[in-house]
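Work through the exercises below with the sequence and the model at hand, and try each task before reading its solution.

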Amino acid sequence: MKVVAVTACPTGIAHTYMAAARLEKVGKTLGFEIKVETQGAMGIENKLTEHDISQAEIAIFAVDIAVEERERFNGVKVIQVPLQEALKDPHSIFAKIQR
Amino acid sequence: MTQRSGTSLEFDFVCTLSDGLHARPASQLAEVAIEFASECLLTNLRTGSVASLKSVLAILALDIRQGDRCVAQIRGTDEQAAHAALLRFVEQVLPTCDVPLAVSHTATASNKLPRTLQTAGVKGCFGTPVSAGIGQGKIVPVSGMALPRELKGRAAADPRSELAQIKRAIAAVRGRIQEKLAHPQSPTETAVLQADLAIASDVSLAQKLAEHVMQGKSAGEAIMAAGEYFINLLRHSESEYIRERALDIEEICLHLLQEIYGVDLKTAAIELREPSVVLAETLAPQQLLGLDRQWLKALVLEHSGATSHVVILARSLGIPTLVGVKNARSVLQPGQEVVVDAMRGFIVPQSSPAVRKFYEREQKTLELRRDLLPAQTTGPAITTDGKTLEVAANASSYEEVALAFEKGADGIGLFRTEMAYLQRQRPPSEEEQFAVYAEVARAAAGRPVIIRTFDLGGDKAAPYLNLTAEGNPFLGYRGVRIYAEHHELLQAQLRAILRASAYGQVRVMAPMISSLDEVLQFKAAISQAKQELLRKGVAFHSDVPVGIMIEVPSSAFILDQLCAEVDFFSLGTNDLNQYFLAADRDNPKTAELSDVLHPGFLRFLKRIVEEIRGAGKWVGMCGEMAAEIRHLPLLIGLGLDEISLPAAGIPAMKRMVSRLSSAECERSLAKILACRDKAEIEELLERAQPPRSAQPLLSPELVLLGSQSKNKEEAMQEIVDAFYIAGRTEDRQRLEEALWSREAVYATGLGYGFAAPHCKSDAVLADSIGVLRLNHAIDWGSVDTKPVNMIILIAMRESQNSRHMKVFSKLARKLMNDEFRGHLLAVENAHEMATFLAQQLEISLH
């Protein structure tokens, strides 16, 4: 299953990237095809294209602040969780998707 | 509610005032009662104490708080009328007579203790640090009521004449307050004066005074005893406001003593016998000089601005000093042992174990920092594009001069001479002055020394000058203006300075010049002194350069004329700014207005420097503006030849010069001069600071392994201290707070026993990574609830777009990797840790 995700935290120095790394790793282990965009102090990186989003069955927002360019995700099913969830228990986020 | 009980009329009421029955309403209540002959008593049913309604002091001592039920009892010939009047007052006037008092915040958002002290429940009071350092000692309040020695134990005349003296004094003090009240005042001032008047007229006070005199005390001792009695009563009140009223009583008692003995008790010498923290509303420079420096560990002033003379003096003597400590005298108790932290800006009780631990650690940190930071910078300070800026020192004694040269000063930009004139009955002799100036000139070993002739008057008075008190001393008879009257004094000093010129490169400078005529007279005086020396055949250098202070704005508009007459100029920015902006630098309400970054003031400086340099003359700056390292881009941009500052700041200032480009500073200044407000200027000034790329992201000093910290607060403090030791922050408090405010969003414990606290703050001087590995795991509020023993701290500057974000994001991602974390836990020493991280993050350690 194809999944896209966005991570963003208030300072954008550490947690944005830690969460991205965690989601990528756990997602792959569980057999997902995942691409994670980070919205941190360096701005948007690994940006999700229109194509990425249209291909994905679901978008995960692990964010503590508003997602930039949110309109890209109109019409896509979104699961939004606090960023800390991605660090604490990423498996349960993916479990929700499979349900 | 009214009833007759026994022989008196009674009524009861509940105090509804939010600040309780404090001085202002109490004085109004007493005013009503005092009109009647009947005995009027008030009982606070909560405490059971009783007091006369005719005495403000007695009412205050009842400590009536909001919600307290009270009973008034009236008995006597006019009891009906008295009862009616008091009841009317209590029912109709009292509940609304009081505007709520402005709450005095001792702790505001910016006033915070370090976390380790906060969590230990330590309470502090806060102020602005103006002379850095840490001092410990017992509180000695200086306005405290100490009877001068010469009045102590003075034999009492017969009680009747002592009492008569007291009565006359009371009448005189009351008269003076009433006189002030007759002139229009603000409502608050009026209320305060009325409360003072009520205290001066208080029957309990008069009674107590009479009691003590009848026991055989002198008027002075009776005033002391009665004062102390009431002060003690009030000091134990729950309400801070009432505790503060103790100061009013003190004030009135001091007035009474002054009235009787004619001495100004505030300037009476205070004896210190043990390590002491002197506490005062404000101090005159003479008072400070009168204190025994062996025991003076710190100074706490309720008022006084950062540039007042007493503060400048404290700084030059190296006395840790806090100013603007609100209500210090009512919050801090005499004899209480405290630590004055004039690095962070607070006072805390020494009795707390957390405080002791904190300062033991602090001492180690400071020692480590001293060892690590290069102590001095010799050689000229040259900008990256090859311009030299002389970095000189301000000094007022030989010791300070010696210290300045130890710190690498290029000269003495301002040698103040007035201190030698203070605190004595006769002026210093020519010989005495020559000895000092010659010693200074010799110590300078060829470097220039600018000696400023005495700047007396204003707040710097000496008895032999016969100066009269002035309503506005800063606009008054001071500096060069008193030279005509004290011609001989000036001649003696000029001869001493000229003679010292035989021993080094001495220059002479006049203070407070506002007209060409003053310059011509000053030069004539120098010629006369030279003639005298020639006549006597005493050696001196014939071409001693003559300069003037630019501190009165008028002088800036006749620079063409002045440049034709003098060799050099020095900008005295303290006075220049206060005269230019018409804002008193010592008044807390206007202190903000007297800002050297005012766009108008900066443009003014620019014009002055341009014109002087255009005429080919030399110009320096010796005001406080030159002492602040942040201002350096402006100072270089202005094109000054020299800056002169306290010795301690010289090494850092010289290093900073060598990192700035004068061309860029000029461009920054041009942009700043076009700014419309302070915020814009601050922002541009921040951008004008030199790049901090010199420091690598990580170095072994920032890696601490085997930490003994026992909780999150201690751990955070330990890393921030390491940053301070390594010179990566000068403001630990602000850096810690930035980290804690990030923790407040949610804790940065990422699980697996790791935490990654981080912040964006300009309190860190260079982007940095710090590492702390703990011997015992501590709680960090981690997502997996497990304790933490590995802390990776990321501190990033806010104002500069970081080139290091890529490294930080890489580090964050790697922290999610088991193998990487395993390695961090396994490395054996700091060096290995730094090397491993540098290699993983692809960064350099140099």
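**Exercise 1: two loop residues**

With 21 C-beta neighbours inside 10 Å, B:Asp63 counts as buried, since a residue is buried if 20 or more other C-beta atoms, placed from the backbone, lie within 10 Å of its own, exposed if 12 or fewer, and partly exposed in between. This is a predicted model, in which local features need pLDDT of at least 70 and side-chain atom pairs count only at pLDDT 80 or more, while totals for chains, interfaces and linings use all residues. Residues are numbered from 1 along each chain as its sequence is written, and chains are lettered from A and ligands numbered from 1 in the order in which they are written.

Task: find where B:Asp63 lies and state its phi, then decide whether B:Ala445 is buried or exposed.

Solution. Step one: B:Asp63 sits in the loop between α2 (56–61) and β5 (69–75) of chain B, where helices (H or I, at least four residues) and strands (E, at least two) are DSSP runs numbered from the N terminus. Step two: the phi of B:Asp63 is near 55°, a positive value in a residue other than glycine. Most residues other than glycine have a negative phi. Step three: B:Ala445, in the loop between α15 (430–444) and β17 (449–452) of chain B, also has a positive phi, near 45°, but B:Ala445 is exposed, with 9 other C-beta atoms within 10 Å.

**Exercise 2: a helix pair**

Task: describe how α23 (residues 662–673) and α24 (residues 678–688) of chain B pack.

Solution. Step one: the two helices pack at an angle of about 170°, with their axes 10 Å apart; axes are lines fitted to C-alpha atoms, for helices over the stretch in contact, and angles run from 0 to 180 degrees between N-to-C directions. Step two: α23(B) is therefore roughly antiparallel to α24(B), the word used for angles over 145 degrees. Step three: B:Cys665, B:Ser668, B:Lys671 and B:Ile672 in α23(B) meet B:Ile681, B:Leu684, B:Leu685 and B:Ala688 in α24(B), contact being C-beta atoms, placed from the backbone, within 7 Å.

**Exercise 3: the two chains**

Task: how many residues of each chain are in contact, and which helix of chain A supplies the largest share of its side?

Solution. Step one: 15 residues of chain A are in contact with 19 residues of chain B. Step two: α1(A) gives the largest share of the side of chain A that touches chain B, namely five residues.

Notes:
Two residues are in contact if their C-beta atoms, placed from the backbone, lie within 7 Å. Angles under 35 degrees count as roughly parallel, over 145 as roughly antiparallel, 65 to 115 as roughly perpendicular and the rest as oblique.
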